[in-house]
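Student: Can we walk through this protein together? I'd like to start with its surface and then look for empty space.

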Amino acid sequence: MNSDFDDENQNEAFETKYSTDVKFRRADAILNSLFPNIDAQKMQESIAVSKGWKEIVGTISTNPAEKNKTGMLLAAHSNVVDLKNDILLVETDHPGYIQLMQNYKTYILRGLKMKYPQLNVKNLCFKLQNSQVRIPDYQEDIRPAGISDEEQGDKSKIEVDENLAPELREKFEKLKSSLLTKNR
């Protein structure tokens with residue numbers, strides 16, 4: 001009698017485990033038929049990252065006595081929206097949660113790097129729900145502060161007025177040469 005009970009439990013466990021696989025395959029087939037340009041594997045990876053986000057953020061704890069209450073609250077009020085240029089865009093439903101997430105940014109990044117090293121997430125960007133913030137498709141080159149090559153060429157073309165007094169012209173020439181030298 002006990003073996004029948006075990007067989008029934010094993011069958012239920014088997015059916016439960018594999019019925020979800022069948023459901024995922026059906027969902028993949030439906031997605032592929034409706035949206036042929038969507039990669040099913042990428043979609044499943046994004047679902048896994050979304051679940052992983054909730055797990056990582058859910059472990060945040062400000063006080064050992066509260067047992068991850070802060071993390072659970074942050075996980076419930078945030079969603080992963082996009083990943084481009086190694087930046088993960090996260091959406092929250094209140095600006096206060098953005099501030100809290102900023103406080104735990106290094107902790108979250110470390111957790112993401114440990115759980116998903118293949119994503120290579122280097123930064124987090126937060127946005128408020130229903131705002132139009134997005135990550136651009138291209139990564140801009142950030143130039144260091146200083147004089148660009150074009151500006152350098154334009155400054156070298158500065159001519160000192162010949163009608164100025166010789167002392168004044170000499171001062172402007174010194175000023176011009178000091179602006180054109182690189183002080184690095």
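Tutor: Sure, and keep in mind that this is a predicted model. Let's start with a nonpolar patch on the surface, formed by Leu 168, Phe 172, Leu 175 and Leu 179.

Student: How much accessible area do those four have together?

Tutor: The patch is counted as one group, so its members share a single total. For Leu 168, Phe 172, Leu 175 and Leu 179 together, that comes to about 340 Å².

Student: Is Phe 172 buried, partly exposed or exposed?

Tutor: First, find it in helix H7, which covers residues 166-180. Buried means under 20% relative accessible area and exposed means over 50%. Phe 172 has 38%, so it counts as partly exposed.

Student: Now the empty space. Which helix gives the most residues to the lining of the largest pocket?

Tutor: That pocket holds about 340 Å³ of space. Of its 15 lining residues, the closest to the centre are Glu 45, Ser 46, Val 49, Leu 83 and Leu 119. Two elements give two or more residues to the lining: strand S1 (78-84) and helix H2 (40-58). With seven residues, the top contributor is H2.

Student: What kind of residues make up that lining: how many are nonpolar?

Tutor: Sort the lining into three groups. Three residues are charged and three are polar, while the nonpolar ones number nine.

Student: And stepping back, what percentage of the whole chain counts as buried?

Tutor: The chain has seven helices and three strands, running α-α-α-β-β-α-α-β-α-α from the N terminus. Of its 184 residues, the share that counts as buried is 19%.

Key:
Residues numbered from 1 in each chain as written. Predicted model: local features only at pLDDT ≥ 70, side-chain atom pairs only at ≥ 80, totals over all residues. Heavy atoms only, no water. 1 Å grid on protein atoms, 1.4 Å probe; cavity = no way out; pocket = protein on both sides within 12 Å on 5 of 7 lines; lining within 4 Å. Points joined across faces, edges and corners; volume = space filled by probe spheres on them. Helix = DSSP H or I, 4+ residues; strand = E, 2+ residues; numbered from the N terminus. Nonpolar A, V, L, I, M, F, W, Y, C, P; charged D, E, K, R; others polar. Patch = residues over 30% accessible without salt bridge, like charges linked within 9 Å, V, L, I, M, F, W, Y side chains within 5 Å. Areas by Shrake-Rupley, 256 points an atom, 1.4 Å probe, with all protein chains shown as cover. Salt bridge = Lys/Arg side-chain N within 4 Å of Asp/Glu carboxyl O. Buried < 20%, exposed > 50% of the residue type's maximum accessible area, 1.4 Å probe, protein only.
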